[in-house]
Amino acid sequence: MLHDAGVAVIYRVERDETAPPPAAVRLEELTRQPFGEMTVGVTRFYSAASAGMTVSRLIEIWRDERISPQDLCRIGQRFYLIQQAASAADEDGLLVTRLTLEEANGSAWEGYLNGHSN
């Protein structure tokens, strides 16, 4: 698959649990990669719905095993919660990571970029 649909920026969500409530949050950029858009299948859609989640997008990036469901993905100006990060091989045998994404409230995350809070 061509990874020509855009650029996905993955952020690690860092929380300072030692600070008094509410815990201070900041987003640290983990990686920035081109991605390919995939079709969300019926099985994946209904599996997410049965777990009380929605699937907004399914994308494929080059393999990066550091990415986890505790991270965030930003595509353009939209933020997505990572529901699943699955390692796979594409149709050419190249190592990829497939990310199942759920759209998040972007205004809740914008202020935390680059270590700045709201």
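**Exercise 1.** In this predicted model, find how many aromatic pairs there are and work out why the rings of Tyr11 and Phe79 count as tilted.

*Solution.* Start with the count: it comes to 1 aromatic pair. Next, look at the geometry of Tyr11 and Phe79: the ring centres sit 6.4 Å apart, and the planes meet at 35 degrees, so the pair is tilted. Now place the two residues: Tyr11 belongs to strand S1 (residues 6-16) and Phe79 to strand S5 (residues 78-89), which puts them 68 residues apart. Last, check the surroundings. Tyr11 has 4% relative accessibility and counts as buried, and Phe79, at 1%, is buried too.

**Exercise 2.** Asp71 and Arg12 meet in a salt bridge. Work out which strands the pair links, then say whether Asp71 is buried or exposed.

*Solution.* First, the contact: N to O is 3.0 Å for these side chains. Then the strands: Asp71 is in S4 (residues 71-75) and Arg12 in S1, with their positions 59 residues apart in the chain. Finally, accessibility: Asp71 is buried at 2%, while Arg12 is partly exposed at 27%.

**Exercise 3.** A search of the whole structure gives 8 salt bridges. Take the one between Glu60 and Arg98 and show what parts of the chain this pair ties together.

*Solution.* Begin with the atoms: the Glu60 and Arg98 side chains come to 2.9 Å, N to O. Glu60 lies in strand S3 and Arg98 in strand S6 (residues 95-103), so the pair ties together parts 38 residues apart in sequence. To finish, compare the partners: Glu60 is buried at 1% relative accessibility, and Arg98 is partly exposed at 21%.

Note on methods
Residues numbered from 1 in each chain as written. Predicted model: local features only at pLDDT ≥ 70, side-chain atom pairs only at ≥ 80, totals over all residues. Heavy atoms only, no water. Phe/Tyr/Trp six-rings, centres within 6.5 Å; stacked < 30°, edge-to-face > 60°. Helix = DSSP H or I, 4+ residues; strand = E, 2+ residues; numbered from the N terminus. Buried < 20%, exposed > 50% of the residue type's maximum accessible area, 1.4 Å probe, protein only. Salt bridge = Lys/Arg side-chain N within 4 Å of Asp/Glu carboxyl O.
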